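Please find below a colleague's note on the model under review. It takes up strand pairing first and the surroundings of the ligand afterwards.

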Amino acid sequence: MTRSSGHEPTDGPPGPDAKRRVIVNPNSGAGDHLPTVHRLADHWGYSVAETAAAGDAIDLAREAAADGVDVLAACGGDGTVHEVLCGLVDADALGGVRFGVVPVGTANIFADDIGVRGIEHGFELLEDGEVRRIDLGLADGVPFVKSCIAGLTADTSAATTSDLKARFGPLAFVITGVQQAREFDALDIEVDAVTEGETRTWSGEALCVLVGNARRFAKQFGQANVEDGLFDVTLIERMPAGEAVAEAIVQQLLRRDTEHVTQLRAERLAIESRSSAIDFSLDGEIYTRNRLDLRVRSEALSVCVGTDYEPDPTMQAEKDSFGRYL
Ligand SMILES: Nc1ncnc2c1ncn2[C@@H]1O[C@H](COP(=O)(O)OP(=O)(O)OP(=O)(O)O)[C@@H](O)[C@H]1O
């Protein structure tokens, strides 16, 4: 499936280099980026591997690892980033690859988090950007960089109004979820969280569980510290809709824990359903499980970042763009 573009480079490094590759989803976003991607790949000396269908980027990443590629970019949206990381983890190749993102998707949340602003910028950073080692979440072995969410569906995100997003940031979709929730939507779960070797257990009916690696969902929302070896976990209990909205607002405005919201940081986490299987969103991809075991692989991913990247942007976080959190 790997294809070199076949064009002669103009200036810059000669050749496509066998060790540098871009995996591109031609259909991401507006679907008009392919000519630009080929031109820049030629310019910087990258081979280009195009996907033809969903799931291909996983195989292409495995193939890149087998070919000994040491600089690999995911060119697409967050779905393509997810697939490329799945392939690299499958091939046990994270250690040998410098990873980068060339954002051309509808949602490019991870690219935003690491300070990559567009196609040209993505290629420039692959060349001379700072390389940081960031944490990777693994959920039953499936990687995620941003978040693992149980209990709120992508529909909730779509239904969240821009007014709510502007007023409440990430909690906007929680509020929408609460408003849409029916009694049987609650998750009957047990959560075991390990922090510094100690296990805390929470059990009961939850509206949602939000596990952030690069995402923070409450207090200082936006990006979480992605180099600390810990997940930021927010657990919201099921409660009557009106009260829940009030809680969320209090949480947001006063920045303190409230009765129905539990927040913790954990290096390991198990979420188990005490009834039917649950839909978990791993960076936006849905996995249905009765139980999910999550752990952080600390500083496992070498990634090219922009100058806007902050490992722990607590202050900057409040200026973050809102609402694209599933
Ligand atoms: N050639 C292809 N044709 C159709 N689907 C593809 C192709 N390549 C990848 N995909 C699928 O498209 C999904 C979305 O891709 P991606 O994240 O790159 O773009 P996007 O425009 O941001 O997408 P989204 O609609 O999810 O926001 C991927 O998860 C992948 O499974």
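The points below concern one strand, its neighbours and the ligand shell.

1. The model is predicted, and the remarks here should be read accordingly.

2. Strand β5 spans residues 98-103. Five of its six residues are buried, so that the strand is mostly covered, where buried requires 20 or more other C-beta atoms within 10 Å of the residue's own.

3. One partner of β5 is strand β4, residues 71-76. The two strands pair in the parallel sense, and six bridges link them. Within this pairing, Ala73 has Gly100 of β5 as its bridge partner.

4. The connection between these two strands deserves mention. Helix α3, residues 78-90, joins with β4 and β5 in a β-α-β unit, and this unit is right-handed.

5. β5 also pairs with strand β18, which covers residues 291-305. Here too the strands run parallel, with two bridges between them. Arg98 finds its bridge partner in β18 at Ser302.

6. Turning to the ligand, which residues are the closest? They are Ala54, Gly76, Gly77, Gly79 and Gly105, in a surrounding set of 21 residues. By class, this shell comprises twelve polar, six nonpolar and three charged residues.

7. Which helix gives the most to the shell around the ligand? That helix is α3, with four residues. Helix α2, residues 56-66, is also represented: α2 and α3 each supply at least two residues of the shell. Helix α3 thus appears in two settings, as a part of the right-handed unit with β4 and β5 and as a contributor to the ligand shell.

Definitions and conventions. Residues numbered from 1 in each chain as written. Predicted model: local features only at pLDDT ≥ 70, side-chain atom pairs only at ≥ 80, totals over all residues. Buried ≥ 20, exposed ≤ 12 C-beta atoms within 10 Å, placed from the backbone. Pairing = 2+ DSSP bridges. Right-handed = clockwise from strand over helix to strand, strands pointing away. Near = placed C-beta within 6 Å. Nonpolar A, V, L, I, M, F, W, Y, C, P; charged D, E, K, R; others polar.
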